[in-house]
Amino acid sequence: MINGIIIVDKESGFTSHDVVAKMRGICGQKKIGHTGTLDPAATGVLPVCLGNGTRLCDMLTDKEKEYVAELLLGVETDTQDTTGKILAEHPAEVSETEVRKVCDSFLGDYEQVPPMYSALKVNGKKLYELARAGKEVERKPRPVKILELEILEYRLPVVKMRVVCSKGTYIRTLCADIGKKLGCGGTMQSLRRTAVGRFTQEAAVTLGQLQQMKDEGRLEEAVLPVESMFLNCPVLHVTEENNKLLENGNIVSPEQTKEKSVYGPEQWVRLCRTDGSFVGIYVFEPERKWYKPVKMFL
């Protein structure tokens with residue numbers, strides 16, 4: 001079984017579930033999971049976890065994300081992107097100065113109402129299922145954060161921008177909200193995710209490239225080790241007699257490590273066997289003077 005992470009460059013037309021299904025065929029294993037959906041029309045970075053790496057899925061969904069999007073001004077659609085039904089059209093008579101000022105106003109904390117065409121559930125029903133049935137329900141605004149918003153190109157009626165944001169942010173909705181604030185309406189014309197946390201598009205490979213690598217016996221070249229997610233965390237090695245203790249997911253005291261180091265209670269540390277092989281992420285409990293497991297990757 002392959003254990004680790006492959007950064008897939010998702011192509012347009014594929015759902016995130018399609019990518020996982022195709023990856024199962026390429027890798028020859030069932031234990032595969034993705035780390036947060038991308039709309040079928042969107043492209044770009046989709047970290048896919050394999051084997052014991054699937055335990056990373058919830059950790060990666062919390063990461064900041066970077067996108068490059070094209071906002072089409074003067075058009076409103078029911079899906080908030082150009083795949084939907086046009087609801088209204090208006091002249092996009094706005095200056096570059098106005099656009100920049102409105103975009104800047106979205107920086108920081110932002111209360112965003114999720115779109116009807118999304119996978120969020122209300123009373124057990126996915127919103128997009130309700131939307132397709134012609135129903136609209138009230139959605140409560142959710143707090144998101146826009147960390148960076150940079151205009152890359154301004155060629156009316158299209159504005160190309162780079163966005164760095166918190167998890168749970170809908171770029172479609174951001175585009176619609178910018179258009180609304182400008183008074184002319186707006187919808188998302190295209191979207192590419194360029195980074196998830198430290199994983200960028202430069203490291204991403206397409207499904208076609210992965211199939212070719214498999215055919216050539218080079219598939220392992222695309223696999224990042226689970227430990228690569230935690231390179232910023234200090235490393236502790238247990239002493240030889242405590243390898244089994246660590247492998248069983250037990251607590252570990254500083255005295256049972258070679259380094260005998262104590263880190264702050266918020267600091268994650270990598271616990272490794274004596275030979276340096278990674279086992280899991282631990283955190284120190286000062287009141288009990290031991291390291292307890294956060295997540296194991298055996």
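**Notebook: helix crossing, strands and loops**

I looked first at two helices and found that α3 passes α5 in a right-handed crossing. A crossing is right-handed if the near helix is turned clockwise from the far one by less than a right angle, and left-handed if anticlockwise. Contact here is made by Glu98, Val99, Val102, Cys103 and Ser105 of α3 and by Ile178, Lys181 and Leu182 of α5; contact means heavy atoms within 4.5 Å.

I note that this is a predicted model, in which local features need pLDDT of at least 70 and side-chain atom pairs count only at pLDDT 80 or more, while totals for chains, interfaces and linings use all residues. Residues are numbered from 1 along each chain as its sequence is written, and side-chain values use heavy atoms, with hydrogens and water left out.

**Angle of the helices**

I looked up the axes of α3 (residues 96-105) and α5 (residues 171-182): they come within 10 Å and cross at roughly 125°. Axes are lines fitted to C-alpha atoms, for helices over the stretch in contact, and angles run from 0 to 180 degrees between N-to-C directions. The two helices are therefore oblique to each other. Angles under 35 degrees count as roughly parallel, over 145 as roughly antiparallel, 65 to 115 as roughly perpendicular, and the rest as oblique.

**Strands**

I then followed β10 (residues 142-155), which pairs with β7 (residues 108-112) in the antiparallel sense over five bridges. Two strands pair if DSSP finds at least two bridges between them. Glu111 has Pro143 in β10 as its bridge partner.

β10 also pairs with β11 (residues 158-165), again antiparallel, over eight bridges. Glu148 stands opposite Val164 in β11. I counted two residues between β10 and β11, which form a hairpin. Pro157 lies in the loop between these strands, and a cis peptide bond, with omega about 10°, joins Leu156 and Pro157.

**Positive phi**

I checked Gln80, which is not a glycine yet has a positive phi of about 70°. Gln80 sits in the loop between β5 (75-77) and β6 (86-89). Gln80 counts as buried, at 17% relative accessibility; buried means under 20% relative accessible area, exposed over 50%, and partly exposed in between (1.4 Å probe, protein chains only).

**Whole protein**

I closed with the totals: the protein has seven helices and 17 strands. Helices (H or I, at least four residues) and strands (E, at least two) are DSSP runs, numbered from the N terminus. Of the 298 residues, 47% count as buried.
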